[in-house]
Amino acid sequence: MIIFLLILLGLVWGSFVNAFIWRFHEGKDWLWDRSECQYCHHQLAVRDLVPVVSWLLLRGRCRYCYHHIDDSPLVEIVMPLLFLASYAWWPLPLNGAGLFQFILWLLFIVGFVALAAYDIRWYILPNKIVYPLIALAALQLLVLVFWYGAGWTTILAGAAGVTIISGTFYVLFQISKGRWIGGGDVKLGIMLGLLSGGAERALLLLFLASLVGTIAMLPLMVRGRLKPKAVVPFGPFLLLASVIVQLFGAHIISWYMGLSSVT
């Protein structure tokens, strides 16, 4: 039952994110405006909005003007997969504080996917998405401390994460005058730092984001499809690294510490 609910929620939220990022970019009312084809502007019917299924049945084309649909069903597929992965590998008990964090984590996943999709498409991390996520991350820390009695070390861990991630990006931003890293990444680093859970996990997040980004971009560079001065959105790699750290960070750090002790 829980698996089915998570899949359903993931599909619904994925469909919402697909519509949201386009409406947001076009300056439309993302909550009340009706979905429409961005080429012929025909309002879409309910049958056109079934997550993944409608795209497959229409073969990626608008039902009314037959133009290729820019929106990919990938967002609608990734969202439920991330929901299921989070449930399967959630590192905390699903009760009390652990359940509270899991519910908020699903909201963070929605924000993560929206930011990643937006950054990939338009090379920007909008403040109007980043700032609410920062507020939500700060609220989570405060609730853990004052409601669940997590202790002030939780606040200190969040501060350490912000200092390492956002602080590193801020220094790079200032030194390069925005050529190496964008201002959006500096702000994103605040939210990811608050979620990281401490200095070790923040450092792991930076390492994984750089590693995954290098692995993803290397084939393009070898084939000459990525120029040395090309702009590469780093946000998606940071967000993916944050998911890995959230679900597996403790295991990775324990494994590394054990390996270090052996050597």
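**View 1. Aromatic pairs across the predicted model.** This predicted model holds 15 aromatic pairs. For a close look at one of them, find tryptophan 105 and phenylalanine 112, whose rings meet edge-to-face. Their centres are 5.7 Å apart, and the planes make an angle of 85°. The pair counts as edge-to-face because that angle is over 60 degrees. Tryptophan 105 is buried, at 1% relative accessibility. Phenylalanine 112 is buried too, with a relative accessible area of 3%.

**View 2. A cluster of rings.** Here you can follow ring pairs from residue to residue: they link Trp13, Phe16, Phe20, Phe24, Tyr118 and Trp122 into a cluster.

**View 3. Aspartate 119, a buried side chain without a salt bridge.** Aspartate 119 sits in helix H4, which covers residues 96–122. This aspartate is buried but has no salt bridge. Look for the nearest side chain of opposite charge and you will come to arginine 121, 12 Å away. A salt bridge would need a distance within 4 Å, so arginine 121 does not qualify as a partner. What does the side chain of aspartate 119 reach at 3.1 Å? It is the backbone nitrogen of isoleucine 124.

**View 4. A nonpolar patch on the surface.** Tyr170, Val171, Leu172, Ile175 and Trp180 form this patch, and together they have about 530 Å² of accessible area. One of its members, isoleucine 175, belongs to helix H6 (residues 153–176). Is isoleucine 175 buried or exposed? With a relative accessible area of 54%, isoleucine 175 is exposed, because the value is over 50%.

How values were computed: Residues are numbered from 1 along each chain as its sequence is written. This is a predicted model: local features need pLDDT of at least 70, side-chain atom pairs count only at pLDDT 80 or more; totals for chains, interfaces and linings use all residues. Side-chain values use heavy atoms; hydrogens and water are left out. Patches are made of residues with over 30% relative accessible area and no salt bridge: like charges are joined within 9 Å, nonpolar side chains (Val, Leu, Ile, Met, Phe, Trp, Tyr) within 5 Å. Accessible areas come from the Shrake-Rupley method with a 1.4 Å probe; for residues, only the protein chains shown count as cover. Helices (H or I, at least four residues) and strands (E, at least two) are DSSP runs, numbered from the N terminus. Buried means under 20% relative accessible area, exposed over 50%, partly exposed in between (1.4 Å probe, protein chains only). Rings of Phe, Tyr and Trp (its six-membered ring) pair if their centres lie within 6.5 Å; planes under 30 degrees apart count as stacked, over 60 as edge-to-face and the rest as tilted. Lys and Arg count as positive and Asp and Glu as negative; His and the chain ends are not counted. A polar contact is a pair of N or O atoms within 3.5 Å; within protein, one must be able to donate a hydrogen and the other to accept it, and residues adjacent in sequence count only if both atoms are side-chain atoms.
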